[in-house]
Amino acid sequence: MKKRQVVVKKDCSGRSSSSSTSSSVVRTVRYAECQKNHAANIGGYAVDGCREFMASGEEGTNGALMCAACGCHRNFHRREVETEVVCEYSPPTSNP
């Protein structure tokens, strides 16, 4: 079974002393299809087909970690992480 991590990076290396550059990191985590093997105790392999994690409770409660569709814990769902570095660049002002 393969695990994927999606990483999007942008380089803001074009810095100069007279310009202001700031960067921030935005990380988005999404839980995709359930990968729990329901037939492991009999030596087989069977997944339930749940396509995406849906929390069954509010954030901060135990229900937030359980999937409303399949009843599994969030850890059984494939985790996708998208990281984006956002660079904000202000060009230097020119004085004539």
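In which strand does R78 lie? R78 lies in strand β2, and the model that places it there is predicted. The structure holds 4 salt bridges, and a network of such bridges links R30, E33, E52, R78 and E80. A search of the whole structure finds 0 disulfides, while the largest nonpolar core has 6 residues, four of them being C34, C50, C67 and C72.

**Salt bridges around R78**

- R78 counts as buried, at 9% relative accessibility.
- The side chain of R78 meets that of E33 in a salt bridge, with an N to O distance of 2.7 Å.
- This pair links distant parts of the chain, since E33 is in strand β1 and R78 in strand β2, 45 residues apart.
- The side chains of R78 and E33 are also joined by a polar contact of 2.7 Å.
- E33 is partly exposed, at 25% relative accessibility.
- A salt bridge also forms between the side chains of R78 and E80, again with 2.7 Å from N to O.
- E80 is buried, with a relative accessible area of 18%; the value falls under the 20% cut-off for buried residues.

**The R30–E52 salt bridge**

- The side chains of R30 and E52 form a salt bridge at 3.4 Å, N to O.
- R30 lies in strand β1 (residues 20-34) and E52 in the loop between β1 and β2 (77-90), so this bridge ties together parts that are 22 residues apart in sequence.
- R30 is partly exposed, with a relative accessible area of 37%.
- E52 is partly exposed as well, with a relative accessible area of 40%.
- Both R30 and E52 belong to the salt-bridge network that includes R78.

**Nonpolar core and cysteines**

- The largest nonpolar core is made up of Y31, C34, C50, F53, C67 and C72.
- C67 touches C50, F53 and C72, which are also listed in that core.
- Leaving out residues up to four places away in sequence, the other residues that C67 touches are E52, M54, S56 and H77.
- E52 therefore has two roles in this account: it touches C67 and meets R30 in a salt bridge, a pairing that joins the loop to strand β1.
- Which cysteine sulfur is nearest to that of C50? The sulfur of C67 is the nearest, 3.8 Å away, and C50 is in no disulfide.
- A disulfide needs two cysteine sulfur atoms within 2.5 Å, so the separation of 3.8 Å between C50 and C67 does not qualify.
- C50 is buried, with a relative accessible area of 9%.
- C87, in contrast, counts as partly exposed, at 28% relative accessibility.

**V86 and its contacts**

- V86 has its place in strand β2.
- At 28% relative accessibility, V86 is partly exposed.
- The C-alpha atoms of V86 and S24 are separated by 5.3 Å, although the two residues are 62 residues apart along the chain.
- Which residues does V86 contact, leaving aside its neighbours within four places in sequence? V86 is in contact with S22, S23, S24 and V26.

Conventions: Residues numbered from 1 in each chain as written. Predicted model: local features only at pLDDT ≥ 70, side-chain atom pairs only at ≥ 80, totals over all residues. Heavy atoms only, no water. Helix = DSSP H or I, 4+ residues; strand = E, 2+ residues; numbered from the N terminus. Buried < 20%, exposed > 50% of the residue type's maximum accessible area, 1.4 Å probe, protein only. Core = buried A, V, L, I, M, F, W, Y, C linked by side-chain atoms within 4.5 Å. Contact = heavy atoms within 4.5 Å. Polar contact = N/O pair within 3.5 Å; in protein donor to acceptor, adjacent residues only side chain to side chain.
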